[in-house]
Every structure is written in structure tokens, then in C-alpha cells.
Amino acid sequence: MRVDILTLFPEMFESPLGHSILKRARENGLVDIVLTNIRDFTKDTFRKVDDKPYGGGPGMVMMPGPLFDCFEHVQKLSPEKGRAILLTPQGQKFDQKKALELSAEKRLILIAGRYEGLDERIRIGLDAEQISIGDYVLSGGELPAMVIIDSVVRLLPDALGDEDSSKDDSFSAGLLEYPQYTRPEVFRDMKVPDILLSGDHAKIAQWRRQQAIERTKKWRPDLLEDNNNKNERGEH
Ligand code: ADE
């Protein structure tokens with residue numbers, strides 16, 4: 001998979017992309033992540049990317065020119081057209097299902113806006129899908145782009161080393177993940193449940209599923225509601 005990121009702050013990505021699973025996935029050639037600085041596409045001596053809003057009001061608005069030029073340049077970097085995504089709090093809410101969907105793409109082009117807003121012609125003209133990572137406002141699309149890349153790349157085959165590891169993740173079956181334990185067997189008077197030490201794999205699988213259902217009911221009943229509603233509508 002190839003991921004292009006259009007941003008005014010490429011340095012922000014260095015650390016998250018340079019550690020752990022993302023680092024390994026890049027080194028192993030599972031994902032090629034290419035950063036392009038929108039500011040490199042300005043034409044004035046001040047390298048200006050934003051201006052005051054027409055009609056007045058606070059803050060600055062990102063101008064369409066540099067972003068369009070940057071996008072057109074980036075698109076030509078690879079023959080694959082790619083799926084263009086604009087990160088904005090006005091977008092469709094990102095979730096595990098969307099992560100799975102994006103992990104099947106050959107190329108993603110993530111556009112991270114900054115400042116108080118984007119000129120509306122960016123949204124209209126780029127014809128990009130809009131995605132939000134939640135109902136709160138961040139200072140820009142960089143953190144959302146990192147969230148998306150992290151959640152998508154760990155779903156690529158071989159990214160986690162152990163093939164099965166992402167299947168049991170929270171949300172992948174519409175449920176929270178079952179509780180996990182490792183050594184020691186007793187820690188501060190808390191004991192690992194006997195069943196996990198029993199070696200009975202069928203019983204363990206059944207216990208884990210039950211636990212996943214119970215904790216979802218307790219902590220995220222909305223997930224079960226969502227599943228019920230989807231089942232009633234015949235969706236999966
Ligand atoms: N940019 C600012 N806030 C955002 C959010 N919640 N999701 C995606 N992009 C954003």
C-alpha cells in the first residue's frame with residue numbers, strides 16, 4: 001500500500017511513523033508513506049498558505065491554490081489514482097469498519113488541513129471523501145491522519161507478525177476485546193482465571209466470547225444496539 005500525506009507539518013509525522021509496528025511495516029515494504037509539504041506549492045515570497053476570511057470573522061482560512069497544486073503534483077507521483085481523503089471534523093465518523101475498508105486500498109491520499117478552516121472550494125474541487133476521527137475539534141488533520149494510518153496499517157497482512165492478532169481486537173466483531181492476562185499467575189492478590197490455565201481451548205474460546213459480550217454490555221451497550229439495528233436492517 002502507498003499512503004501520501006499532504007500537510008504543512010511533515011515533521012509531526014516523524015516519531016509516530018518511526019516506531020513500533022509502523023516502522024516495521026515500512027521497513028518490510030508493506031507500506032510506503034510519502035509526505036509532501038503543501039507550503040512547497042506556494043508561489044509568493046512569503047510562502048503564504050492562508051488568508052483572512054471573506055465576510056469577516058476570526059481566524060485564518062487555508063487558501064485553495066497551494067493545496068490544489070500540491071494535490072495535482074502528488075497524484076502524478078504514482079500511476080494508481082488512489083482514494084483521496086480530507087480530514088475534517090465535518091466528515092463521516094471513522095471506525096474499525098472504515099479502517100478495514102481502507103486497508104484493502106492500494107493507495108490513500110490523506111489531506112491534512114490546518115488553521116480555523118479550509119476554503120470551501122477545496123472541499124468541492126478536490127472531490128475527496130471527508131473523514132472525522134470523532135466529534136471534537138483538533139488544530140489540524142495531522143493527528144487524525146496518523147490515527148488513520150496506524151489503524152489501517154496494522155490491518156495489513158503480516159503487519160503484526162502474528163496473523164491472528166488483529167482478528168480479536170476490540171470492535172472487529174462488533175464487541176470489546178476479552179480480558180487478557182500474562183505472567184505472573186498471582187499479582188497483588190489478583191489471580192489469573194483458572195479457565196485460562198486449564199488448557200481446554202474450546203472452553204477458553206467460549207469464556208472469552210462470554211467475557212467480550214459482558215464487558216460490551218457493561219461498558220459500551222451502544223455497540224450492541226448498533227449491531228442489533230444492523231441485523232434488523234439485514235446489514236453486517
Ligand atoms: N481536523 C480537526 N479536527 C478533526 C477531527 N475531529 N477529525 C478529522 N480531522 C480533523
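**Sheets, helix packing and a pocket**

Met62 sits across from Leu118 of S7. That pairing comes from a predicted model, and it makes a handy way into the smaller details of the fold. Strand S4, residues 61–62, is joined to S7 by 2 bridges, and the two strands run parallel. Both belong to an open sheet of 3 strands, ordered S3-S4-S7, in which the pairing is mixed. Strand S3 (50–51) and S7 are the edge strands here; each has a single partner strand, so one side of each is left without a neighbour in the sheet.

The other sheet to look at is built from 5 strands. This sheet is also open, its order is S2-S1-S6-S5-S8, and its pairing is parallel. At the edges stand strand S2 (32–37) and strand S8 (129–132), each of them paired on one side only. Going from one strand to the next, the twist averages 30 degrees. On the S2 side, strand S1 (residues 2–7) runs parallel to S2 and is tied to it by 6 bridges. Within that pairing, Leu6 has Thr36 of S2 as its bridge partner.

Next come the helices. Helix H6, covering residues 142–153, lies across S1, S2, strand S5 (83–93), strand S6 (107–112) and S8. Relative to S6, the helix runs at about 160 degrees. H6 also meets helix H4 (residues 96–103): the two axes come within 8 Å and cross at roughly 70 degrees. That crossing angle makes H4 roughly perpendicular to H6. On the H4 side, the contact is made by Ala99, Leu102 and Ser103, while H6 brings Ile148, Ser151 and Val152. By type, the residues in this contact of H4 with H6 come out as 4 nonpolar and 2 polar, with no charged ones.

Then there is the second largest pocket, with a volume of about 440 Å³. Its lining counts 26 residues, and the closest to the pocket centre are Leu87, Thr88, Pro89, Gly117 and Leu118. Leu118 is thus a link back to the opening pair, as the residue of S7 opposite Met62. At least two lining residues apiece come from S5, strand S7 (117–118), helix H5 (120–126) and S8. The top contributor is S5, which gives 5 residues to the lining. The chemistry of the lining is a mix: 11 of its residues are nonpolar, 10 polar and 5 charged.

Two backbone details round things off. Asp127 has a phi near 50 degrees, a positive value in a residue other than glycine. This residue is found in the loop between H5 and S8, the two elements that each supply at least two residues of the pocket lining alongside S5 and S7. Further along the chain, the peptide bond from Arg183 to Pro184 is cis, and its omega is near 5 degrees. Pro184 belongs to the loop that runs between H6 and strand S9 (186–187).

How values were computed
Residues are numbered from 1 along each chain as its sequence is written. This is a predicted model: local features need pLDDT of at least 70, side-chain atom pairs count only at pLDDT 80 or more; totals for chains, interfaces and linings use all residues. Side-chain values use heavy atoms; hydrogens and water are left out. Two strands pair if DSSP finds at least two bridges between them. Helices (H or I, at least four residues) and strands (E, at least two) are DSSP runs, numbered from the N terminus. Axes are lines fitted to C-alpha atoms, for helices over the stretch in contact, and angles run from 0 to 180 degrees between N-to-C directions. Contact means heavy atoms within 4.5 Å. On a 1 Å grid over the protein atoms alone, a cavity is a set of points where a 1.4 Å probe fits but cannot get out, and a pocket is an open set with protein on both sides within 12 Å along at least five of seven lines; lining residues have an atom within 4 Å of a point. Grid points are joined across faces, edges and corners, and a volume is the space filled by probe spheres set on the points. Ala, Val, Leu, Ile, Met, Phe, Trp, Tyr, Cys and Pro count as nonpolar, Asp, Glu, Lys and Arg as charged, and the others, Gly among them, as polar. Angles under 35 degrees count as roughly parallel, over 145 as roughly antiparallel, 65 to 115 as roughly perpendicular and the rest as oblique.
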